[in-house]
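User: I would appreciate a close look at a single part of this model, followed by a connected account of its surroundings.

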Amino acid sequence: MRKTTPQLITEINESIREFSLALRPLAVDAGRRLTDGERGDSLKKAFSYATHVLAYIEDEKPK
């Protein structure tokens, strides 16, 4: 069954919110590890990518 446009919009927004809620604590943990002195280009890149994604989501979310 085809969803109505409002249903589709709601489901998209909920999925993005759930993704953001799951990613945020991981980014916080990665940031904490980097602050505590853990090294590694992979961790730095993952943290940077996560923070960029979260910032984009926050900037673009429907008002």
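In which segment does Pro 62 lie? Please treat helix 1 in detail as well.

Analyst: The model discussed here is a predicted one. Pro 62 lies in the segment after helix 2, the helix that covers residues 41-60. Because residues over 50% relative accessible area are classed as exposed, Pro 62 counts as exposed at 56%. Between the C-alpha atoms of Pro 62 and Arg 39 there is a separation of 36 Å, with their positions 23 residues apart along the chain counted as sequence distance.

The wider setting is as follows. The protein contains 2 helices and 0 strands. Its radius of gyration is 15 Å, well over the 11 Å that the globule rule gives for 63 residues, so the protein is more spread out than a compact globule. Along the principal axes, the C-alpha atoms fill a box of roughly 50 × 25 × 15 Å. Of the 63 residues, 16% are buried. The protein exposes about 5,400 Å², and carbon and sulfur atoms supply 58% of that area. As for charge, the protein carries 11 positive and 10 negative charges, and the mean positions of the two sets are 1 Å apart.

Helix 1 spans residues 5-35. This helix has 31 residues, and the distance from its first C-alpha to its last is 44 Å, close to the 45 Å expected at 1.5 Å a residue. After helix 1 comes Gly 37, whose phi is positive, near 105°.

The buried residues of helix 1 are Ser 20, Leu 23, Ala 27, Ala 30, Gly 31 and Leu 34. Helix 2 is included in what covers these buried residues. Two of them, Ser 20 and Leu 23, can be followed at the level of individual contacts.

Ser 20 has a relative accessible area of 6%. Because the cut-off for a buried residue is under 20%, Ser 20 is buried. When residues up to four places away in sequence are not counted, Ser 20 touches Leu 54 and Ile 57.

Leu 23 also has its place in helix 1. With a relative accessibility of 15%, Leu 23 counts as buried, since that value falls under the 20% cut-off. Leaving out residues up to four places away in sequence, Leu 23 touches Ala 50, Val 53 and Leu 54. Leu 54 is thus listed among the contacts of Ser 20 and among those of Leu 23. From Leu 23 to Thr 35 there are 12 residues in sequence and 18 Å in space, C-alpha to C-alpha.

Taken together, the two ends of this account stand as follows: Pro 62 is exposed, whereas Ser 20 and Leu 23 are buried.

Notes. Residues are numbered from 1 along each chain as its sequence is written. This is a predicted model: local features need pLDDT of at least 70, side-chain atom pairs count only at pLDDT 80 or more; totals for chains, interfaces and linings use all residues. Side-chain values use heavy atoms; hydrogens and water are left out. Helices (H or I, at least four residues) and strands (E, at least two) are DSSP runs, numbered from the N terminus. Buried means under 20% relative accessible area, exposed over 50%, partly exposed in between (1.4 Å probe, protein chains only). Contact means heavy atoms within 4.5 Å. The radius of gyration is taken over C-alpha atoms; the globule rule is 2.2 Å times the number of residues to the power 0.38. Accessible areas come from the Shrake-Rupley method with a 1.4 Å probe; for residues, only the protein chains shown count as cover. Lys and Arg count as positive and Asp and Glu as negative; His and the chain ends are not counted. The place of a charge is taken as NZ of Lys, CZ of Arg, CG of Asp or CD of Glu. The expected span of a helix is 1.5 Å times one less than its number of residues.
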